[in-house]
Amino acid sequence: TWGILNMVSPHKDLLVQIDKIAEFHSPIYSPVEDRNGVQYVVSTDGYAYQIAESTINSYDYTSGQPTGIVLDAEGGSYIADSAHQAILSQGLSETKAEKFALIKHFEGTPLLGPNSLILTKDSNTLFFTDSGVFGHTGISNTKGSVFTVNLETNEMKPLIYQLLACPYGLALSPSEGALYVAEMCKNRVLRLVQYPSGIFHCSTFVQFSGRFGPTALAMHSKGLLFVARYEFPECSKDGLITVIRERGEIEGEIIIPNSPEITGLSFSASNPDVLYVTEKTNNTLYKVLV
């Protein structure tokens, strides 16, 4: 199938190719691809799935409600699970995969329920949003947070603590000097900039109007930020991904037909122009050639 990339003037309209990779029986989130070209998603049925050559296999089971997954350089994974209110870690030993709850509290206070996470390229630093299940935080309960964890020292600290209205997706700039956060219920993207190293300064990067709010982010290698703008099926039949330049201007928009509830975005590990998209109206994983 084909979607339209509506470029803001003076840019021309372009076509993007959209292919359906797989369909699932329950909502899916957080697409990611390993170095071998195998895709992974997590589902609210408790499973993490592996998709290779359009064949779906179970990769892990949390017995909870996972909404985010990242893979590290050693072949292990970290999973955000809102039902367990924890970040789960799965490492690989010589004989089996070993899974444990890496993070459940901050200074003795339970997490609300982690939603999305992202690793730095060296796999030493983990960032994650803590929003609780959908509806737990919002305009009337701005208690969402963003945390960072040094995985070498296990030091955890908040970058934004109990101030956000449903923080969801994350993305790092190509240099990893800036962290972008989708604040769904305020319909905006925040940017946290490290200056100097280890000190973060936060401001609104993009304020949207229309649709419910951003759920997922993905950073292209050229510095373009792709933002999934969620909407309820009662209000729109199509999905929308807005592409933002480094200075905050809109580059264009990608329409995903009949897929308004986009839940996850990520770029391929092997092809920087392939964008993976998860969507829960149809419980579908798409591949978009941008």
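**Two four-stranded sheets and their salt bridges**

Q50 counts as partly exposed, because its relative accessibility is 24%, and this residue of strand β5 offers a convenient place to enter the structure. The model in which Q50 is seen here is a predicted one, and its coordinates are best read together with the confidence that accompanies them. Across the protein the pLDDT averages 90, and 92% of the residues score at least 70. Over residues 8-13, however, the pLDDT is below 50, and this stretch has nine contacts in the model beyond near neighbours in sequence. A second stretch, residues 92-96, also stays under 50 in pLDDT, and for these residues the model has five contacts beyond four places in sequence. Where pLDDT is low, the predicted coordinates should not be read in detail.

With that caution in place, we can return to Q50 and its surroundings. Leaving aside residues up to four places away in sequence, Q50 touches V38, Q39, Y40, T55, I56, N57 and Y59. With one of these residues, Y40, the contact is polar: the side chain of Q50 meets the side chain of Y40 at 3.1 Å. As for V32, which is 18 residues from Q50 along the chain, the C-alpha atoms of the two residues are separated by 9.6 Å.

The strand that holds Q50 belongs to a sheet, and it helps to follow that sheet from one side to the other. Strands of a sheet pair through backbone hydrogen bonds, either parallel or antiparallel. In this case four strands form an open sheet in the order β3-β4-β5-β6, and their pairing is antiparallel. The edges are taken by β3, which covers residues 28-33, and by β6, each of which pairs on one side only. From one strand to the next, the twist of this sheet averages 25°.

Starting at the β3 edge, four bridges join β3 to β4 in the antiparallel sense, and E33 stands opposite Q39 of β4. Strand β4, residues 39-43, is in turn joined by four bridges to β5, residues 47-52, and these two strands also run antiparallel. Q39 appears in this second pairing too, where it stands opposite I51 in β5. Between β4 and β5 lie three residues, so to speak the turn of a hairpin, in which G46 has a positive phi of about 100°. On its other side β5 pairs with β6, residues 55-61, through six antiparallel bridges, and A48 stands opposite D60 in β6. These two strands form a hairpin as well, with two residues between them, and here E53 takes a positive phi near 55°.

A second sheet is found further along the chain. Four strands form an open sheet in the order β17-β18-β19-β20, again with antiparallel pairing. Its edge strands are β17, residues 167-172, and β20, residues 200-207, each of which pairs on one side only, while the twist averages 25° from one strand to the next. Within this sheet, strand β18, residues 178-183, is joined to strand β19, residues 188-194, by six bridges, and the two run antiparallel. Y180 is a residue to look for in this pairing, since it stands opposite R191 in β19.

From backbone pairing we can turn to pairs of charged side chains. Side chains of opposite charge can pair when their charged atoms come close. How many salt bridges does a search of the whole structure find? The search finds five, among them the pair formed by E23 and K20, whose side chains meet at 2.7 Å from N to O. E23 counts as partly exposed, because its relative accessibility is 46%.

Another of the salt bridges joins the side chains of E253 and R229, at 3.7 Å from N to O. Because E253 lies in strand β24, residues 250-256, and R229 in strand β22, residues 225-230, this pair ties together parts that are 24 residues apart in sequence. Are its two partners buried or exposed? E253 is partly exposed, with a relative accessible area of 23%, whereas R229 counts as buried, because its relative accessibility is 6%.

A further salt bridge is formed by E249 and R247, with the closest N and O atoms 3.4 Å apart. Here E249 counts as partly exposed at 29% relative accessibility, while R247 counts as exposed at 73%.

Methods
Residues are numbered from 1 along each chain as its sequence is written. This is a predicted model: local features need pLDDT of at least 70, side-chain atom pairs count only at pLDDT 80 or more; totals for chains, interfaces and linings use all residues. Side-chain values use heavy atoms; hydrogens and water are left out. pLDDT is the predictor's confidence in each residue, from 0 to 100. Contact means heavy atoms within 4.5 Å. Two strands pair if DSSP finds at least two bridges between them. Axes are lines fitted to C-alpha atoms, for helices over the stretch in contact, and angles run from 0 to 180 degrees between N-to-C directions. A salt bridge is a side-chain nitrogen of Lys or Arg within 4 Å of a carboxyl oxygen of Asp or Glu. Buried means under 20% relative accessible area, exposed over 50%, partly exposed in between (1.4 Å probe, protein chains only). A polar contact is a pair of N or O atoms within 3.5 Å; within protein, one must be able to donate a hydrogen and the other to accept it, and residues adjacent in sequence count only if both atoms are side-chain atoms.
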